[in-house]
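Here is a set of short exercises, each with a worked solution. Try each task with the structure in view before you read on.

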Amino acid sequence: AALEAELREAIESGKIEPFYQPVVSLPQRDCVGLEVLARWRHPTRGLLGPDQFIPIAEETGMIADLSYHLLRQACLDARSWPSHLLLAINIAPQQFQDRDLAQRILAILAETGLSPHRLEVEITESALVRDLEAARATLTSLQNLGVRIALDDFGTGYSSLYHLRELKFDKLKIDRSYVDTITMSAERAKLVDAIIKLGSSLGLVTTAEGIETDASVDWLSDQGCDFGQGYLFGKPMPKEDVAQMLRAGP
Ligand code: G
Ligand code: G
Ligand code: G
Ligand code: MN
Ligand code: NA
């Protein structure tokens, strides 16, 4: 309960900060975008990760405020990056119950001056199960204005062909629990290969998350995976480090 009150104050005073993790092309490893990952600079507990406050924000109805605050900040930061770089942001399943989600996101893009073509929204399938028609309407409004939609954490949770059939996504993100084991387990590798092929046959680009080794890069790009993300290319970092990375090259 104490943390809840502190979280509310932190959101309002801008202490929830966007960190950014590079997304790179495979096999070239050119940075093509950055994913926003929330961090809380807590005055006494140090830098807190999303697992320590996103669930609280979801339970207490603060997740929407938190997300819109982060999105606004991230759009302002992204405006100073080269214009080919995409900004990816996570939207919680619960936010899909807000009928104004697409309008709110588009209003923030307009207010900050970031082109919708530079934004990618990452959702998990839990966002789709409660009300598929509402989710379809939200996704379509965003896509019609040029925002891309990525299906995140694919391979965990539902991983339903039904969702792939019923909704049009732009990208599949393969969960890191698969990626870090592909070079150790032949069975995992076959599943990852199947996800990449499934994605490309449906016209979706694929990103593998959690890449930590050169061997994974080689294997994934041989299978046709388009993009990668992971500590091998860069950890989530504050905007100052992004600016430095972009000056230096990854
Ligand atoms: O479609 P557009 O011309 O804006 O694409 C710009 C660059 O972004 C291209 O080089 C393409 O390879 C890359 N790209 C296309 N789709 C995606 C995507 O969904 N995510 C990311 N990160 N890059 C993409
Ligand atoms: O950043 P890692 O660095 O610990 O993030 C863990 C998970 O938390 C990510 O996989 C992502 O799904 C979730 N996450 C991170 N930032 C946000 C955010 O701003 N909003 C939501 N809904 N989830 C986030
Ligand atoms: O949205 P979500 O699953 O997509 O975000 C990525 C999460 O994975 C963040 O918590 C981030 O800190 C973490 N992460 C990113 N790259 C790596 C990696 O190479 N290894 C591991 N173990 N975690 C990673
Ligand atoms: Mn994500
Ligand atoms: Na993920």
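Please keep in mind throughout that this model is predicted.

**Exercise 1. Sort the shell around ligand 3 by class, and find which residues come nearest.**

Solution. Start with the classes: the shell around ligand 3 has four nonpolar, four polar and five charged residues. Next, look at the nearest members. Of the 13 residues around this ligand, Gly210, Glu212, Gly230, Tyr231 and Pro236 come nearest.

**Exercise 2. List the residues around ligand 2 and say which elements supply at least two of them.**

Solution. First, collect the shell: Leu37, Ala38, Gly49, Pro50, Asp51, Ile54, Ser67, Leu70, Asn90, Ala92 and Pro236. Second, sort these residues by class, which gives seven nonpolar, three polar and one charged. Third, trace them to elements: strand E2 (31-42) and helix H3 (63-78) each supply at least two residues of the shell.

**Exercise 3. Do the same sorting for the shell around ligand 1.**

Solution. The residues to gather are Val23, Val32, Gly33, His84, Leu86, His117, Glu120, Arg148, Asp170, Lys171, Val205 and Phe227. By class they fall into five nonpolar, three polar and four charged residues. Keep Lys171 and Phe227, both in this shell, in mind for the strand exercises that follow.

**Exercise 4. Follow the strand pairings from E5 to E7 and state the hand of the crossover between E6 and E7.**

Solution. Step one: strand E5 (residues 119-123) pairs with E6 in the parallel sense, over four bridges. Here glutamate 122 has alanine 150 of E6 as its bridge partner. Step two: E6 is joined in turn to E7 by three bridges, and these two strands also run parallel. Alanine 150 takes part here too, with lysine 171 of E7 as its bridge partner. Step three: the chain passes from E6 through H7 to E7, and this β-α-β crossover is right-handed.

**Exercise 5. Is E6 mostly covered or mostly open, and which of its residues has a positive phi without being a glycine?**

Solution. Begin with the whole strand: seven of the seven residues of E6 are buried, so the strand is mostly covered. Then look at aspartate 153, which lies in E6 (residues 148-154). Its phi is positive, about 55°, although aspartate 153 is not a glycine. To check its burial, count neighbours: 20 or more other C-beta atoms within 10 Å make a residue buried. Aspartate 153 has 21, so it is buried.

For a companion case, move to serine 159, in the loop between E6 and helix H7 (161-166). Serine 159 also has a positive phi, about 45°, although it is not a glycine. With 17 other C-beta atoms within 10 Å, serine 159 is partly exposed.

**Exercise 6. Continue from E7 to E9 and describe how these strands are joined.**

Solution. First, E7 (residues 171-174) and E8 (residues 205-208) run parallel and are joined by four bridges. In this pair, isoleucine 174 stands opposite alanine 208 of E8. Second, E8 pairs with strand E9 (residues 227-229), again in the parallel sense, over two bridges. The partner of threonine 207 is phenylalanine 227 in E9. Third, add the helix: E8, H10 (residues 214-223) and E9 make a right-handed β-α-β unit.

**Exercise 7. Why do the buried residues of H10 line one face of the helix?**

Solution. Step one is to name them: Ser216, Val217 and Leu220 are the buried residues of H10. Step two is to look down the axis of H10: these residues fall within an arc of 100°, so they line one face. A general rule helps here: an α-helix has 3.6 residues a turn, so residues three or four places apart point the same way. Step three is to ask what covers this side, and the answer includes helix H8 (176-179), E8 and E9. Step four is to turn to the face away from the buried side, which carries the exposed residues Asp214, Ala215 and Asp222. Finally, H10 is followed by glycine 224, with a positive phi near 100°.

**Exercise 8. Find where the cis peptide bond lies.**

Solution. Look at leucine 26 and proline 27, which are joined by a cis peptide bond with omega about 0°. Proline 27 lies in the loop between strand E1 (16-25) and E2.

Notes
Residues numbered from 1 in each chain as written. Chains lettered and ligands numbered in written order. Predicted model: local features only at pLDDT ≥ 70, side-chain atom pairs only at ≥ 80, totals over all residues. Pairing = 2+ DSSP bridges. Right-handed = clockwise from strand over helix to strand, strands pointing away. Near = placed C-beta within 6 Å. Nonpolar A, V, L, I, M, F, W, Y, C, P; charged D, E, K, R; others polar. Buried ≥ 20, exposed ≤ 12 C-beta atoms within 10 Å, placed from the backbone. Arc of directions from axis to C-beta. Contact = placed C-beta atoms within 7 Å.
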